[in-house]
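User: I would like to learn how to read the features of a protein model, one feature at a time. Could you take me through this one, giving the general idea and then the case at hand?

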Amino acid sequence: MDALRKQASKLREQVTKQQQAVIKQFSTTGYESSDIMVIDEVELQRHQQLEKLYRSTRAGKDFQKDIVRAAEAYTAIGLKKIEVGAKLSEDCCNYGAENTEDALLAKAASLYGSALVYVDKEQEELHRGLSSQIMEPLKAMINGAPLEDARHLAQRYSRMRHEAEVQAAEVSRRQVRVREAPITENTVKLQHSEAKMHELKANMAVLGKEAAAALAAVEAQQQRLTFQRLVAMVEAEKGYHQRVTAILHEVQSEMVSEKQQKDSVPPPAPLTVSSNQSLEKSPYFLAEAIHNFHSESEKELSLAVGDYVVVRQVTPSGWSEGECRGQAGWFPSAYVEKRQNIPASKLSTEVF
């Protein structure tokens, strides 16, 4: 019978060791997960609190690393954009300087080339902001001592708890032996095991509180800093895009203005027609203004709706030259319509 008891006790020890080995092998968080009540309900709650904080700070650290990697990628892509932008800026400016015969395109190329210089400067400013406001603060916390110290405390508690779990099994085994064979040797060994268990329990209570306080403080700091850096990242990108948009909007406005000015310039005035040349013997015709037109130069002729004009020349560019109320000049051809029958009173009062 004693031999069977010894064999059963030996089997229990082997099973316990195998369980511990499996727990250690599959514990991937650095803090062993276990729902076993080693000491009491209070200790189990402390253990669950530490496990939650340990996982939370690990997730926070990984997220900070993700943000740093993204900022580094933005910087790498930005450096390539600066390189491409600098080359395009140089090409645009060279084209504008070397092809002055095509005034409109040359001007547009020069404007865009100059704008790209400022866009590249804004990109460099964004890089500096990402480095100083995002990457450096996050890296400092990722590699900082407070986080590692707090996690080391939690790991120490986890190892101590595992040791207490083993010791609790040892106490149970000794208690069985004492009941089976209440001899002095077994009693002394039981007392020694219980004393060690009591010491572990006291040490775990102190270390558990310390580890929980340290991890909670790190978690709060971690979340606060990460939130602040995310806001700073959004603000940096927002400011960059707003400034670049303003630069490109300005250059676009200048390009459109140049195009409009070119389109609105009337063609060169023809040779002056002799004042005594009769209308009947000339290719002139009478037209009525159907839109208001306000002249912007001395060569242009202002018109009001209903004015009658002696049209003396029509050009393919969409401009006509004529005379109204004693004034002569150029106006858009689409602003008038040819008329066949016009009252004599209109001719005398409005045309001449």
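Analyst: Let us begin with the nonpolar core, keeping in mind that this is a predicted model. In soluble globular proteins, nonpolar side chains tend to be buried together. Here the largest nonpolar core holds 42 residues, and those with the most contacts inside it are Leu50, Leu130, Ile134, Leu138, Leu215 and Met233.

User: Which helices supply at least two residues each to this core?

Analyst: Helix 2 (41–98), helix 3 (103–142), helix 4 (145–180) and helix 5 (184–264) each do so, and the greatest share, 17 residues, comes from helix 5. Leu138 gives a view of the surroundings of one core residue: once residues up to four places away in sequence are set aside, Leu138 touches Gln64, Ile67, Val68, Leu225, Thr226 and Arg229. There is also a second, separate core of twelve residues, with Ala287, Trp319, Cys324 and Val336 among them.

User: How many helices and strands does the chain have, and in what order do they run?

Analyst: The chain has six helices and five strands, and from the N terminus on the order is α-α-α-α-α-β-β-β-β-β-α. For the chain as a whole, 35% of its 352 residues count as buried, while the accessible surface comes to about 21700 Å², of which 55% belongs to carbon and sulfur atoms. Among the contacts in the chain with a separation of 6 or more, 68% are between residues 24 or more positions apart.

User: How should I read a charged residue in a strand, for instance Glu288, and is it buried or exposed?

Analyst: A useful habit is to ask for the location, then the accessibility, then the partners of the side chain. Glu288 is located in strand 1 (residues 285–289), and Glu288 counts as buried because its relative accessible area is 17%, where the cut-off is under 20%. The side chain of Glu288 makes a polar contact of 2.8 Å with the side chain of Arg339. Apart from neighbours within four places in sequence, the residues in contact with Glu288 are Gly306, Asp307, Tyr308, Tyr335, Val336, Glu337 and Arg339.

User: How many salt bridges does the structure hold, and which elements does the pair of Arg161 and Glu43 tie together?

Analyst: For each salt bridge, one can look at the distance, then at where the two partners lie in the chain. The structure holds 17 salt bridges, and in one of them the side chains of Arg161 and Glu43 meet at 2.7 Å, N to O. Since Arg161 lies in helix 4 and Glu43 in helix 2, this pair ties together parts that are 118 residues apart in sequence. Arg161 and Glu43 are both buried.

User: Where do the partners lie in the salt bridge between Arg174 and Glu170?

Analyst: Both Arg174 and Glu170 lie in helix 4, four residues apart, which is about one turn of the helix. The closest N and O atoms of this salt bridge are 2.7 Å apart, and both residues are buried. A network of salt bridges links Glu170, Arg173 and Arg174.

User: What about a salt bridge between strands, such as that of Arg312 and Glu323?

Analyst: The side chains of Arg312 and Glu323 meet in a salt bridge at 3.3 Å, N to O. Because Arg312 lies in strand 2 (residues 308–314) and Glu323 in strand 3 (residues 319–324), the pair ties together parts that are eleven residues apart in sequence. Arg312 counts as partly exposed at 23% relative accessibility, and Glu323 is partly exposed with a relative accessible area of 23%.

User: How many disulfides does a search of the whole structure find, and why is there no bond from Cys92 to Cys93?

Analyst: The search finds zero disulfides. The sulfur of Cys92 has its closest cysteine sulfur in Cys93, yet the two are 6.8 Å apart and therefore too far for a bond, given that a disulfide needs sulfur atoms within 2.5 Å. Cys92 counts as buried at 12% relative accessibility, whereas Cys93 is partly exposed at 30%.

User: Finally, which phi value does Arg325 have, and where does Arg325 lie?

Analyst: Arg325 has a positive phi of about 55 degrees although it is not a glycine. Arg325 lies in the loop between strand 3 and strand 4 (327–332), and Arg325 is partly exposed, with a relative accessible area of 45%.

Key:
Residues are numbered from 1 along each chain as its sequence is written. This is a predicted model: local features need pLDDT of at least 70, side-chain atom pairs count only at pLDDT 80 or more; totals for chains, interfaces and linings use all residues. Side-chain values use heavy atoms; hydrogens and water are left out. A nonpolar core is a set of buried Ala, Val, Leu, Ile, Met, Phe, Trp, Tyr and Cys residues joined through side-chain atoms within 4.5 Å. Buried means under 20% relative accessible area, exposed over 50%, partly exposed in between (1.4 Å probe, protein chains only). Contact means heavy atoms within 4.5 Å. Accessible areas come from the Shrake-Rupley method with a 1.4 Å probe; for residues, only the protein chains shown count as cover. A polar contact is a pair of N or O atoms within 3.5 Å; within protein, one must be able to donate a hydrogen and the other to accept it, and residues adjacent in sequence count only if both atoms are side-chain atoms. A salt bridge is a side-chain nitrogen of Lys or Arg within 4 Å of a carboxyl oxygen of Asp or Glu.
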